[in-house]
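User: Please take a close look at a single part of this structure and set it in the context of the elements around it. A connected account would be preferred to a list.

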Amino acid sequence: MTLLGAAEIRELAALLDLKPSKSLGQNFVIDANVCRKIVRVADVKSDDVALEIGPGLGSLTLALLEEASSVVAIEIDQRLATQLPITAANHSDRAEKLTVINSDALVIRTLDVAPTVLVANLPYNVSVPVFLHLLEFFPTLRTGVVMVQAEVADRLAAKPNSKEYGIPSVKAAWWADVSGAGSVSRSIFWPAPNVDSKLVGFTRHAPLGDEVLRKKVFSIIDLAFAQRRKMLRSTLSSLYGSSAAAEAHLASVGIDGTLRGEALTIEDFCKIAK
Ligand code: SAM
């Protein structure tokens, strides 16, 4: 198995006449050591079915093939999706373990196999929706590591009462325990993006409730953070008919209506919704 470095990435891009697309977040990793490190941080085991979103030219895919039992890679760009099995066959004796699906990850709701670990350098413009979508539709994903823009990583891993805490943090917390897993310099990408990246790790926890409760919780979260600076009794007043009724309901579950959404944990949102 040989992984891809800067020279191979440039060669593949030339072969495909590829001009990296900004709107698809195409920044390719050119450092094989970083790919191995990501797979190590994700603690991919030999019986894992790895799910990768946006495999691009295959830098991370080849590192995953070294460790996982199989890899499913979903790539929106048809040229990249077509080339990837060829690249895998040229670089790995485990290429038959790879399945490439040419699709927008956001429309995939089922797979023929049950993925157990998510490892991805996510396309930056859709990283939060893709992350939440996968947690929602693939309950067999028990753990994983994703690389995202540093600022997005901070938001996903944020805890209550911090300025980064918001809708992505609290919705992700419905599904999993999420935490930062290290920084990545912009210099390991081609082309180099304008911002640094970070790794975010997650471990799925026991479900906090069923789909009916989740939908209620998510709509309350959306309301609570729609006007971040306002108190809960005001942001949730439309749910209860008035600010006084909202305050009384919140008090009945032990929550102070003068707090803001940013002070509440996912468990607090569950209490309100229940
Ligand atoms: N994994 C590769 C690497 O680390 O070098 C490429 C990562 S690049 C940041 C993001 C990749 O996601 C690109 O290959 C892009 O074409 C793909 N992509 C963008 N939007 C996507 C979507 N909605 N669904 C699936 N793939 C997508």
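Analyst: Leaving aside neighbours within four places in sequence, Ala-158 is in contact with Glu-164, Tyr-165 and Ser-169. The model is a predicted one, and in it Ala-158 belongs to the loop between helix 6 and helix 7. Its relative accessible area is 10%, and because buried means under 20%, Ala-158 counts as buried. Between Ala-158 and Lys-215 there are 22 Å in space, C-alpha to C-alpha, and the two are 57 residues apart in sequence.

One of the contacts of Ala-158, Ser-169, leads into helix 7, where Ser-169 is itself buried. Helix 7 covers residues 167-175, and seven of its nine residues are buried, so the helix is largely enclosed by the rest of the structure. Besides Ser-169, the buried residues are Pro-168, Val-170, Lys-171, Ala-172, Trp-174 and Trp-175. The packing partners of these buried residues are helix 5, helix 6 (150-157), strand 7 (176-184), strand 9, helix 8 (211-226) and helix 12 (266-273).

Helix 5, among these partners, has a similar character. Eight of its eleven residues are buried, so helix 5 too is largely enclosed by the rest of the structure. The buried set consists of Ser-127, Val-128, Val-130, Phe-131, Leu-132, His-133, Leu-134 and Leu-135.

Strand 6 (residues 143-149) is likewise largely enclosed by the rest of the structure, because six of its seven residues are buried. Helix 5 (residues 127-137) is the connection by which the chain crosses from strand 5 to strand 6, in a right-handed β-α-β crossover. Strand 5 (residues 117-121) pairs with strand 6 in the parallel sense, over five bridges; within this pairing, Ala-120 has Val-146 as its bridge partner in strand 6. Strand 6 also pairs with strand 9 (residues 197-204), here in the antiparallel sense and over seven bridges, and Met-147 stands opposite Leu-199 of strand 9. Strand 9 is thus a pairing partner of strand 6 and one of the elements against which the buried residues of helix 7 pack.

The pockets complete the account. The largest pocket has a volume of about 430 Å³, and among the residues nearest its centre are Asn-121 and Pro-123. Its lining of 30 residues comprises 17 nonpolar, ten polar and three charged. The second largest pocket has a volume of about 250 Å³. Its lining counts 14 residues, with Lys-22, Asn-27, Ala-192, Pro-193 and Asn-194 closest to the centre.

Definitions and conventions: Residues numbered from 1 in each chain as written. Predicted model: local features only at pLDDT ≥ 70, side-chain atom pairs only at ≥ 80, totals over all residues. Heavy atoms only, no water. Buried < 20%, exposed > 50% of the residue type's maximum accessible area, 1.4 Å probe, protein only. Helix = DSSP H or I, 4+ residues; strand = E, 2+ residues; numbered from the N terminus. Pairing = 2+ DSSP bridges. Right-handed = clockwise from strand over helix to strand, strands pointing away. Contact = heavy atoms within 4.5 Å. 1 Å grid on protein atoms, 1.4 Å probe; cavity = no way out; pocket = protein on both sides within 12 Å on 5 of 7 lines; lining within 4 Å. Points joined across faces, edges and corners; volume = space filled by probe spheres on them. Nonpolar A, V, L, I, M, F, W, Y, C, P; charged D, E, K, R; others polar.
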